[in-house]
Amino acid sequence: MTERRSILSGSTFEDHIGYARAVIDGDWVHVSGTTGFDYTTMTISDDVVEQAEQCMRNIEAALKEAKCTFADVVRVRYLLPDRADFEPCWTTMRRAFGRVRPAATMLMCGLADPRMRIEIEVYARR
């Protein structure tokens, strides 16, 4: 039987919408689209780079709970309402994934809250 377990971050969005920050399914870890909210204070910076850094901290916490690291990430998706915000975040992304080189996609789309300037989703294999 394959292990399937949900990881919750404490975000109020998880309760309101009905999802988990991440799901472990056997060797796979699926991390939901993660924004730059600091879940302890439920605040978000106006700065896109600070949001990207907080996204990475939130993702790293979920991966750690799943007994993974950024080194285990095989796919990443970046979702941004404004393509001009993508390049300023590259240093943050390279810090997390530069050695790993996961498959990656950037999509331009609207996000759930107008304060959100970036959302990041990853898949990792334990």
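Below, a colleague asks a modeller how the labels on this predicted model were reached.

Colleague: Let's start with the sheet. What makes strand 1 and strand 5 the edge strands?

Modeller: The sheet is open, with six strands in the order 1-2-3-6-4-5 and mixed pairing. Strand 1 and strand 5 each pair on one side only, and that earns them the edge label. From one strand to the next, the twist averages 10 degrees.

Colleague: How do you know that strand 2 and strand 3 pair?

Modeller: Pairing takes at least two bridges between the strands. Strand 2 and strand 3 are joined by four bridges, so they count as paired, and they run antiparallel. Val23 stands opposite His30 of strand 3.

Colleague: And which strands does helix 2 touch?

Modeller: Helix 2 packs on the sheet and touches strand 1, strand 2, strand 3, strand 4 and strand 6. The direction of helix 2 makes about 155 degrees with that of strand 3.

Colleague: Is Arg4 in strand 1 called buried or exposed, and why?

Modeller: Exposed means over 50% relative accessible area. Arg4 has 63%, so it counts as exposed. Arg4 belongs to strand 1, residues 4-7. Leaving aside residues up to four places away in sequence, Arg4 touches Val23, Ile24 and Asp25. The C-alpha atoms of Arg4 and Asp27 are separated by 9.5 Å, with their positions 23 residues apart along the chain.

Colleague: On to the inside. Which residues of the largest nonpolar core touch the most other members?

Modeller: Those are Val29, Leu63, Phe97, Ile118 and Ile120, out of 28 residues in that core. At least two core residues come from each of strand 2 (22-25), strand 3 (28-35), helix 2 (48-65), strand 4 (73-80), helix 3 (90-97) and strand 6 (119-125). Helix 2 gives the most, with seven residues. Another core lies apart from this one; it has six residues, among them Phe37, Tyr39, Leu111 and Met116.

Colleague: What does Leu63 touch?

Modeller: Not counting residues up to four places away in sequence, Leu63 touches Val29, Val31, Cys68, Thr69, Phe70, Val73 and Ala124.

Colleague: Cys68 is a cysteine. How do you know that Cys68 is in no disulfide?

Modeller: The two sulfur atoms would have to be within 2.5 Å. For Cys68 the nearest cysteine sulfur is that of Cys55, 19 Å away, so the cut-off is not met. Cys68 has 5% relative accessibility, and buried means under 20%, so Cys68 counts as buried.

Colleague: What about Cys89: how far away is the nearest cysteine sulfur?

Modeller: Again the nearest sulfur is that of Cys55, here 8.2 Å away, and Cys89 is in no disulfide. The count for the model comes to zero disulfides. Cys89 has a relative accessible area of 0%, so it is buried.

Colleague: How many salt bridges are there, then?

Modeller: The count comes to eight.

Colleague: Why is the pair of Arg126 and Glu3 called a salt bridge?

Modeller: The cut-off is 4 Å from a side-chain nitrogen of Lys or Arg to a carboxyl oxygen of Asp or Glu. Arg126 and Glu3 come to 2.7 Å, N to O, so they qualify. Arg126 sits in the segment after strand 6 and Glu3 in the segment before strand 1, so this pair ties together parts that are 123 residues apart in sequence. Arg126, at 34%, counts as partly exposed, and so does Glu3, at 36%. Glu3 and Arg126 also belong to a network of salt bridges with Arg5 and Glu65.

Colleague: What makes Arg77 and Glu121 a link between strands?

Modeller: Arg77 lies in strand 4 and Glu121 in strand 6, so their pair ties together parts that are 44 residues apart in sequence. The closest N and O atoms of this salt bridge are 2.8 Å apart. Arg77, at 25% relative accessibility, counts as partly exposed, whereas Glu121, at 18%, is buried.

Colleague: And which parts does the salt bridge of Asp85 and Arg117 tie together?

Modeller: Asp85 is in the loop between strand 4 and helix 3, and Arg117 is in the loop between strand 5 (103-108) and strand 6, so the pair ties together parts that are 32 residues apart in sequence. Their side chains meet at 2.8 Å, N to O. Asp85 is buried, with 10% relative accessible area, and Arg117 is partly exposed, with 26%.

How values were computed. Residues are numbered from 1 along each chain as its sequence is written. This is a predicted model: local features need pLDDT of at least 70, side-chain atom pairs count only at pLDDT 80 or more; totals for chains, interfaces and linings use all residues. Side-chain values use heavy atoms; hydrogens and water are left out. Buried means under 20% relative accessible area, exposed over 50%, partly exposed in between (1.4 Å probe, protein chains only). Contact means heavy atoms within 4.5 Å. A nonpolar core is a set of buried Ala, Val, Leu, Ile, Met, Phe, Trp, Tyr and Cys residues joined through side-chain atoms within 4.5 Å. Axes are lines fitted to C-alpha atoms, for helices over the stretch in contact, and angles run from 0 to 180 degrees between N-to-C directions.
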